[in-house]
Structure formats: C-alpha cells, structure tokens
Amino acid sequence: NCMTRNSFILIIVASVLFSLSIATLIGQRGAHLYGISTPVICCSVAFVIQWLAFLPAYHFQTERYYDLIGSSSYLFVIALALLLSGSVDVRDSVLALLVGVWALRLGAFLFSRIKKQGRDSRFDKIKLDFWWFLMTWTLQGLWVFITLAMALVAITTNTKEDLGLLGLLGIAVWIFGFSFEVIADRQKSKFRCIDENASSFITTGLWSWSRHPNYFGEIVLWIGISMIAAPVISGLQWVALISPFFVAFLVTKVSGVTLLETQALKRWGKDPAYLNYLSRTSCIIPSPPRYK
C-alpha cells in the first residue's frame, strides 16, 4: 500500500528531524566536536545504532533483539556523552550511573522475557513490512534520545555546579521510582510463573493499588533524572524538559497502558471480576482500592 508506506517514511523523517532539532537546542552551551554539538552526535548515533540493528533483524525476520538493542543504546549514548563532554563532575557521574543501572536492569528483564516467550506478538505483522519495521526501529531511536535529553544536556553543558539539595532529592526520587518498577515487574513475573497460561490477571501487591505500577515507577524515575539535571540547565536547554513528559505520554498513550488495556478488555472484558478490578483500581498513580 503506497499510502501506508509513505506514512511510515513520513514518521521516520519526522522522528529524525524532531530529535535533531531538540539536540541542536540543548547543545548550544556545551561540548562540541569538529563544530558539531555533542547532543547532535549522540542523537545521530542513537538512530544509526537502530538502523544497523534493523538490517539483520529484517533479513532474519526477528524482533528478539529489539528491546536489548534499545536498552544497550542508552548505555552507548550516555558513555559517548561522557567521553565527549570534556569534563565530568559528580552530577555527570551520578546521572550516567543511574541511567546505566536502569538500562541494564530493563534490558536484562525484557530480553529474558522474550527469550522465555520465544517472540513478541506485537511484531507479527510489523516485521513482515520493510518500512513498518524500519519505522519501529526509528521510533526506538527517538525514544532513546528524547528520554535521555535531560541527562545529556546536564552531562554535556559547560555549566557545572555542586549536586545540591535538588540533586539529592532527585536521587531519592529516582531510587523510589526504580524500586517501584522493579518490585512491580517481579511481582508480575512471579504471578506469571504460577499462571503460565496467562489465563488470569494480577490484582495483588502493588497491582492492587495501580493497574500499571511499573509504568508509574518508570515515570517517577525519569522525573528524578530531570531533578538531578535541572540546576545546570538554562535558556533554550530547558527544551530538554520534554523528557519526563515524553516518557509519561509514551507509557500512557502509545506503547503502554492503551495497548495493554485494549488487549486485556478483549481477553477479560466479559469477566465481572476484571470489570470490578478496573472500577476499583487506579490506572497509573497508586491509591488504595475503591471497594463499594
């Protein structure tokens, strides 16, 4: 379908141009290499990694390494930013460490999950179409760079200050969000081990307070990263604040809540127990169950 292909190409081009625009704005007061700002270099590398990985993935018609490449890209891009930044202080080291811990944990978790399941059903149709599959890999590059924007601008900017109270509070917020996400994922994994056929839905632990506690943790930890980065940001660099909002939009409207709840309604939409769970349990922000 020519219209479909053109739409995919348009999204690919728009994703790259949007990311490069953000990179250009946040890199104006930071490190440069041969006249090119470090964020622009990091942005370009984030996309190139995805496109290089796409080639064998499309050839072998596999999505098994999609999530692993995505999380690995965070590690590579943040390491590149440190290397090119010129000087590294405590704030830079903390940001790199926290991003690294998050990326390693997420990558290991997602790769072990798909290794166990054998495939990701979301890609069944996508991987058959060259442009659709390429668009998906390109969007992963967008995800990597925009999510990292606050951390990248703090690491690469010429402004350096002590970590300060806001930075310490940001670390605490990150620890809370990260712990929340890890605990939620482990609770669901343990539940899935008991219910191997996924014939039921989890309503215990953190999942009794939120239908998507892992996504709540994800949003919170990136808010923590933004708090750590904020003291050294000024002027047009504040466009990087799109990072936590982008994460929230992504997990609630694009690849997270909307997709999962649509699938859940198809599976359990006629089950009174599931409908009761929906009515009494908060979607994202944890709160005590509302029993009637």
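**Entry 1: a buried aspartate and its partner**

I began with aspartate 92, which is buried at a relative accessible area of 0%; I take buried to mean under 20% relative accessible area, exposed to mean over 50%, and partly exposed to mean in between, with a 1.4 Å probe and protein chains only. I am working from a predicted model, in which local features need pLDDT of at least 70 and side-chain atom pairs count only at pLDDT 80 or more, while totals for chains, interfaces and linings use all residues. I also noted that residues are numbered from 1 along each chain as its sequence is written, and that side-chain values use heavy atoms, with hydrogens and water left out.

Which residue forms a salt bridge with aspartate 92? I found lysine 160, with the closest N and O atoms 2.8 Å apart, where a salt bridge means a side-chain nitrogen of Lys or Arg within 4 Å of a carboxyl oxygen of Asp or Glu. This pair links distant parts of the chain, since aspartate 92 sits in helix H4 (residues 90-117) and lysine 160 in the loop between H5 and helix H6 (164-194), 68 residues apart. For helices I use DSSP runs of H or I with at least four residues, and for strands runs of E with at least two, numbered from the N terminus. Unlike buried aspartate 92, lysine 160 is partly exposed, with a relative accessible area of 31%.

**Entry 2: further salt bridges**

I counted 5 salt bridges in the structure. In one of them, glutamate 181 meets arginine 105 through their side chains, at 3.9 Å from N to O. Glutamate 181 belongs to helix H6 and arginine 105 to helix H4, so this pair ties together parts that are 76 residues apart in sequence. Glutamate 181 is buried at 5% relative accessibility, and arginine 105 is also buried, at 18%. I then saw that Arg105 and Glu181 belong, with Asp185, to a network of salt bridges.

Next I looked at glutamate 261 and arginine 211, whose side chains meet in a salt bridge of 2.7 Å, N to O. Because glutamate 261 lies in helix H9 and arginine 211 in the loop between H6 and helix H7 (213-229), the pair ties together parts that are 50 residues apart in sequence. Both of these residues are buried.

**Entry 3: helix H5**

Where is the kink in helix H5 centred? I found it at alanine 149, with a bend of about 60 degrees in a helix that covers residues 130-156; the bend at a residue is the angle between axes fitted to the seven residues ending there and the seven starting there. Of the 27 residues of H5, 23 are buried, so this helix is largely enclosed by the rest of the structure. At its N-terminal end, aspartate 129 acts as a cap, with a side-chain oxygen 3.0 Å from the backbone nitrogen of tryptophan 131.

**Entry 4: helix H2 inside and outside**

I compared two residues of helix H2, which spans residues 38-59. Is threonine 38, in this helix, buried or exposed? I found threonine 38 buried, at 0% relative accessibility, and in touch with Ala31, His32, Ala81, Leu84 and Thr156 when residues up to four places away in sequence are not counted; contact here means heavy atoms within 4.5 Å.

Valine 48, by contrast, is partly exposed at 39%. With Trp51, Leu52 and Leu55, Val48 forms a nonpolar patch on the surface, and together the four have about 370 Å² of accessible area. I noted that areas come from the Shrake-Rupley method with a 1.4 Å probe, and that for residues only the protein chains shown count as cover. Patches are made of residues with over 30% relative accessible area and no salt bridge, with like charges joined within 9 Å and nonpolar side chains (Val, Leu, Ile, Met, Phe, Trp, Tyr) within 5 Å. An α-helix has 3.6 residues a turn, so residues three or four places apart point the same way.

**Entry 5: two positive phi values**

Tyrosine 34 has a phi near 55 degrees, which is positive in a residue other than glycine. Tyrosine 34 lies in the loop between strand S1 (32-33) and strand S2 (36-37), and it is exposed, with a relative accessible area of 80%. Glutamine 61, which is not a glycine either, has a positive phi of about 50 degrees; glutamine 61 is in the loop between H2 and helix H3 (66-84) and is partly exposed at 27%.

Terms used:
A polar contact is a pair of N or O atoms within 3.5 Å; within protein, one must be able to donate a hydrogen and the other to accept it, and residues adjacent in sequence count only if both atoms are side-chain atoms.
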